[in-house]
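Hello,

Here is the structure for you to look over. My notes on it follow below.

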Amino acid sequence: MSAFVKLSRLRQRARFEADMLKGGSASFVTDEDLNILANVYIAEVFDIMVVAAPPDYYSVDYPITTVLNKLQYPLPPDFRSLQDVYVVEDATTSYRRPIRPLGDIECMQYRAPQGEYNVLVRYTPTPPELDNDDDRFDGVSGWDQYVVSCMARDMVLKQGAMNVIPVIQSKIASLAARVRTQSSMRRQGSPRYVTQVDNY
């Protein structure tokens with residue numbers, strides 16, 4: 001989902017969710033309605049994955065070059081949350097020096113950069129928002145089933161079939177647990193020791 005949501009979009013989702021929760025309605029659920037639900041639950045499953053996965057798995061590096069006496073810099077449009085900030089000390093070797101977070105008092109005493117420096121902001125991006133039929137979302141290990149089951153539950157609520165809700169809720173809880181477990185095993189990869197046996 002986008003970091004900035006229009007008011008009209010909020011109204012549309014609020015009306016739709018209220019209608020879904022009323023139950024008893026047999027009105028047809030349109031593709032547009034399902035697209036809204038899909039994006040809501042993609043954001044939900046993305047939150048589960050980000051919390052459970054290694055910190056570097058869902059990360060993007062964003063370079064910033066500081067300007068003399070400029071204190072504020074725009075963040076990328078898909079910014080969700082900050083992971084780390086580095087100063088790139090040497091562009092040839094890509095050596096990075098981490099910048100520690102500042103406390104409230106330190107922020108009041110902070111001085112704007114006094115020159116041009118290369119800074120790297122590592123952040124967690126927002127989840128993708130699907131608009132077209134060909135748009136894709138990370139569904140490895142069947143994680144898309146969580147989204148599908150949540151959408152199905154809301155459609156059932158709209159039709160008023162309350163007797164099957166406990167079964168669907170149990171399935172959704174099981175799928176959420178699976179997402180947490182499998183997400184914790186994801187790795188971007190790291191250097192490994194290799195034993196050269198050719199010389200022996």
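To begin with one residue: does Glu89 count as buried, partly exposed or exposed? Glu89 is partly exposed, at 41% relative accessibility. Its salt-bridge partner is Arg97, with 2.3 Å from N to O, and Arg97 is also partly exposed, at 39%. Please keep in mind that this is a predicted model.

Overall layout

The protein chain has 5 helices and 4 strands, arranged along the sequence as α-α-β-β-β-α-β-α-α. It has 200 residues, of which 30% count as buried.

Salt bridges

The count is 5 salt bridges. Besides the one between Arg97 and Glu89, two are worth describing. Arg80 and Asp47 meet with 2.8 Å between N and O. Arg80 belongs to strand β2 and Asp47 to helix α2 (residues 31–52), so this pair links distant parts of the chain, 33 residues apart. Both partners are partly exposed, with relative accessible areas of 31% for Arg80 and 34% for Asp47.

The other joins Asp61 to Arg122, whose closest N and O atoms are 2.7 Å apart. Because Asp61 is in strand β1 and Arg122 in strand β4, the bridge ties together parts that lie 61 residues apart in sequence. Here Asp61 is partly exposed at 33%, whereas Arg122 is buried at 18%.

Aromatic residues

There are 3 aromatic pairs. In the pair of Tyr57 and Tyr58, the ring centres are 5.1 Å apart and the planes stand at 70 degrees; angles over 60 count as edge-to-face, so this pair does. Tyr57 is partly exposed, with a relative accessible area of 22%, while Tyr58 is buried at 11%. Ring pairs join these two tyrosines and Phe46 into a cluster.

Phe79 and Tyr123 form a tilted pair, with ring centres 5.5 Å apart and planes at 35 degrees. Phe79 lies in strand β2 (residues 79–90) and Tyr123 in strand β4 (residues 118–125), so the contact ties together parts 44 residues apart in sequence. Both rings belong to buried residues: Phe79 has 18% relative accessibility and Tyr123 has 3%.

One charge also sits over a ring: the charged end of Arg96 lies over Tyr86, 6.0 Å from the ring centre.

Helix α4

Helix α4 (residues 144–159) has 16 residues, for which 1.5 Å a residue predicts a span of 22 Å; the end C-alpha atoms are 23 Å apart, which agrees. Its buried residues include Tyr146, Val147, Cys150, Met151 and Leu157, and among them are also the charged residues Arg153, Asp154 and Lys158. After α4 comes Gly160, with a positive phi near 85 degrees.

Loops and surface

Asn69 has a positive phi of about 65 degrees, although it is not a glycine. Asn69 is in the loop between β1 (60–65) and β2, and it is exposed, at 52% relative accessibility.

Leu71, Leu102 and Tyr110 make a nonpolar surface patch of about 300 Å². Of these, Leu102 is in the loop between β3 (95–98) and α3 (104–109) and is partly exposed, at 38%.

Regards

Technical notes. Residues are numbered from 1 along each chain as its sequence is written. This is a predicted model: local features need pLDDT of at least 70, side-chain atom pairs count only at pLDDT 80 or more; totals for chains, interfaces and linings use all residues. Side-chain values use heavy atoms; hydrogens and water are left out. Rings of Phe, Tyr and Trp (its six-membered ring) pair if their centres lie within 6.5 Å; planes under 30 degrees apart count as stacked, over 60 as edge-to-face and the rest as tilted. Buried means under 20% relative accessible area, exposed over 50%, partly exposed in between (1.4 Å probe, protein chains only). Helices (H or I, at least four residues) and strands (E, at least two) are DSSP runs, numbered from the N terminus. A charge sits over a ring if NZ of Lys or CZ of Arg is within 6 Å of the ring centre and within 35 degrees of the ring normal. Patches are made of residues with over 30% relative accessible area and no salt bridge: like charges are joined within 9 Å, nonpolar side chains (Val, Leu, Ile, Met, Phe, Trp, Tyr) within 5 Å. Accessible areas come from the Shrake-Rupley method with a 1.4 Å probe; for residues, only the protein chains shown count as cover. A salt bridge is a side-chain nitrogen of Lys or Arg within 4 Å of a carboxyl oxygen of Asp or Glu. The expected span of a helix is 1.5 Å times one less than its number of residues.
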